[in-house]
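This report describes sheets, nonpolar cores and aromatic contacts. The sheets are taken up at the start, and the side-chain contacts follow.

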Amino acid sequence: MKLNQSIKDEIITNQRMVPPGKSLIAINGDLINIESIDLFSLMGLVHGELSLADQIARLKVPQKDIKMLLYTPAPSEQGSFRLDFRSIHVHYLNNLEEDSMYRRWRSNLNELLMPVFPGQFHYIRKNLYHAVYIIDPSSAAGLKAVDTMMYMFENHVPMRFGIILFSSKLAESIEENDGEIPAYFEENNKNKFRKVEEDTSSLIISLFLYVEENYGTKMAVQFLIGLNNHWGVSKADDDEVVEKSYVEDAFVEALKSKANSPPQEILLKMKNELTFKERADQSTFFVYKLGLSRMQPCLLMNGLVYGSSQAQDEALQAMNEDLMKLQEGVYYGHINSRTDVLEKFLSESGHPRYNPHIIREGKDHQKFVSLATSVLKRDSVIVKLKYLHSPETEDDMKPVTHLLAVDLTSKRGLKFLRHGLRYLLDGTKRARLGILYNIDNPVSFPQGSPFLLLVKVIDFTASSFRYRAKALEFLNQLIIWYEAQHLYSSQTSNTNVEAFIEEVAKLAEANDLKSDRLRSALSEISWDSFKDYLQKVSGFLSSEFGLGSGDNAVITNGRVVLHKEDSFISDDLKLLETVEYDRRIKPVATIIEQVEWEGVDPDDLTRSWIRG
């Protein structure tokens with residue numbers, strides 16, 4: 001029988017992908033486990049695909065583009081999450097491509113494709129594996145991680161080793177200080193700054209930076225090894241902190257044969273020298289921005305995040321997990337002798353921040369709620385919601401919608417909202433932000449309560465000042481003022497409404513916003529209907545998303561991420577936007593942007609499908 005050429009081509013393609021004798025079933029590119037599915041389940045899957053295709057066809061999408069949309073891979077197939085840690089705060093111990101100790105190793109990457117005995121490595125003179133440890137150098141757990149790294153380095157494990165140092169104590173202060181490094185106090189300066197508190201971690205980092213600058217990274221790491229020896233860290237519990245005297249002894253011991261002046265004098269000068277302290281603070285701030293300050297110690301292997309970094313097996317396991325990707329890249333010619341492996345991996349799937357609550361997939365980690373029904377109801381809370389946008393992007397279509405469920409009667413909720421405003425102030429062209437108030441029994445608040453006035457000001461600003469450049473900054477200043485003046489009295493007492501309005505009006509005028517309409521709106525509040533509205537919002541959050549009263553959460557295109565004990569800052573919203581767009585929106589958006597619409601205006605289509 002003569003076969004059609006297209007069928008021949010498909011058979012040849014399948015033979016390249018599937019080993020001989022292997023049977024597979026795929027529905028629109030989605031592989032089905034034939035051993036665990038019955039006929040009725042298979043028919044259900046087919047019916048679901050046909051139903052989806054029919055819904056897309058009703059949007060007048062051409063047939064060829066419908067097929068491409070149905071073949072869009074599931075989010076879990078989009079690749080690994082890597083953290084882009086590249087910065088001046090990484091201190092590399094070695095370089096396989098330049099150091100003389102590796103000059104006898106071969107540079108042929110094809111050796112990666114050669115088999116080796118279990119437990120052996122491919123010794124290739126190229127930086128294929130970047131093992132970077134994030135540690136607090138005052139903790140026993142962090143210093144044990146340094147011992148692990150040095151053991152592998154001295155035994156010629158083919159990795160490029162590096163460390164990033166930070167202070168857990170300072171990271172907590174940064175979090176409490178709204179994501180900013182507290183300033184230092186200077187005795188002869190009348191301005192108010194943070195007094196330099198005793199922080200052993202920051203002291204160690206400062207001394208490390210001094211040794212590195214004057215004697216090199218290897219000498220600086222030896223200083224940490226000397227600290228291990230003076231303390232006897234192997235016998236210490238992981239949560240123990242080194243005493244300051246051990247730090248000073250290790251520093252003096254490390255420099256006594258190298259320094260031109262006595263190490264004790266250098267140590268005294270260092271205690272009053274702010275240059276290295278500020279650099280140490282910047283290193284801690286970098287780790288805080290990465291989202292790793294609560295995961296100490298941890299390991300980054302080519303950007304992949306591993307929570308435990310003490311055991312040698314952890315690094316070797318991470319190395320083996322990247323080996324297959326490297327072998328695939330070499331085999332298909334994507335990686336050659338001129339390729340910067342770290343640059344390639346991080347440019348493909350690198351992100352500037354890590355948050356396990358955002359990047360993890362599956363039912364056990366995230367909850368997804370479809371908003372389609374709510375959007376199509378005219379009286380829905382979602383339909384009536386007014387959104388905030390980054391300046392000069394109000395008229396742009398936004399594929400990502402963040403709904404912040406916030407309890408503004410708590411300091412945590414106020415801080416959460418401020419980070420949402422900062423996220424918009426930093427600028428985003430792909431997302432908008434809506435505010436839903438998740439309050440326990442809002443009808444119990446007395447008329448004229450500062451809390452009710454605050455919510456009214458936020459709502460009025462969102463609906464009236466969206467095109468004013470300083471509207472977001474006004475809201476940010478408003479929340480700071482409210483937290484300082486009214487937070488702890490808002491649930492128990494009335495306030496002087498006119499005095500409240502006057503203060504708010506001054507803030508508005510200071511941000512070039514007209515206060516006349518604001519004064520009028522606050523003076524004419526229908527308290528009962530406003531409290532009923534807040535009750536309806538809380539009920540909506542409970543029934544649709546399962547949130548309890550007072551829960552703070554962000555709902556991004558229906559994906560619910562609770563804000564619990566962990567820090568959640570503006571950078572997390574940016575990460576959530578990026579992950580949501582890259583994993584679920586970009587593949588579809590890319591196809592839709594290339595659709596050639598025939599006899600129909602896309603704007604008319606969307607207008608008829610989405611009301612309100």
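Two strands are taken to pair if DSSP finds at least two bridges between them; helices (H or I, at least four residues) and strands (E, at least two) are DSSP runs, numbered from the N terminus. The model is predicted, so local features need pLDDT of at least 70 and side-chain atom pairs count only at pLDDT 80 or more, while totals for chains, interfaces and linings use all residues. Residues are numbered from 1 along each chain as its sequence is written, and side-chain values use heavy atoms, with hydrogens and water left out.

**Sheets and the helices across them**

One open sheet has five strands in the order β10-β14-β13-β11-β12, with mixed pairing. Its edge strands are β10 and β12 (431-437), each of which pairs on one side only. Strands β13 (residues 553-556) and β14 are antiparallel and share four bridges; within this pairing, Val 554 stands opposite Val 561 of β14. The hairpin of β13 and β14 has two residues between the strands, and Asn 557 there takes a positive phi near 50°. On β14 (residues 559-562), two bridges also join strand β10 (residues 367-368), again in the antiparallel sense, and Lys 367 stands opposite Val 560.

Two helices lie across this sheet, where contact means heavy atoms within 4.5 Å. Angles run from 0 to 180 degrees between N-to-C directions, and axes are lines fitted to C-alpha atoms, for helices over the stretch in contact. Helix α16 (residues 411-426) crosses β11 (400-406), β12 and β13, at about 160° to β11. Helix α22 (residues 570-593) lies across β11, β12, β13 and β14, and runs at about 140° to β11.

Another open sheet of five strands follows the order β4-β6-β5-β7-β8, with mixed pairing. Strands β4 (91-92) and β8 (304-306) are its edges, each pairing on one side only. Strand β7 (residues 298-301) pairs with β8 in the antiparallel sense over three bridges, and Leu 300 stands opposite Val 305 in β8. Helix α10 (residues 274-290) lies across β5 (130-135) and β6 (160-165), at about 100° to β6.

**Nonpolar cores**

A nonpolar core is a set of buried Ala, Val, Leu, Ile, Met, Phe, Trp, Tyr and Cys residues joined through side-chain atoms within 4.5 Å. Buried means under 20% relative accessible area, exposed over 50%, and partly exposed in between (1.4 Å probe, protein chains only). The largest core holds 79 residues, of which Leu 292 and Leu 408 touch the most other members. Helix α17 (residues 450-464) gives the most to this core, with nine residues. Not counting residues up to four places away in sequence, the contacts of Leu 408 include Tyr 437, Phe 451, Leu 454 and Tyr 482.

**Aromatic contacts**

Rings of Phe, Tyr and Trp (its six-membered ring) pair if their centres lie within 6.5 Å; planes under 30 degrees apart count as stacked, over 60 as edge-to-face and the rest as tilted. The whole structure contains 14 aromatic pairs, two of which are tabulated below.

| Pair | Centre to centre | Angle between planes | Class |
|---|---|---|---|
| Phe 121 and Tyr 123 | 6.0 Å | 90° | edge-to-face |
| Phe 540 and Phe 545 | 5.7 Å | 85° | edge-to-face |

Phe 540 and Phe 545 are both buried, whereas Tyr 123 is partly exposed, at a relative accessible area of 35%. Ring pairs link Tyr 102, Trp 105, Phe 121 and Tyr 123 into a cluster.
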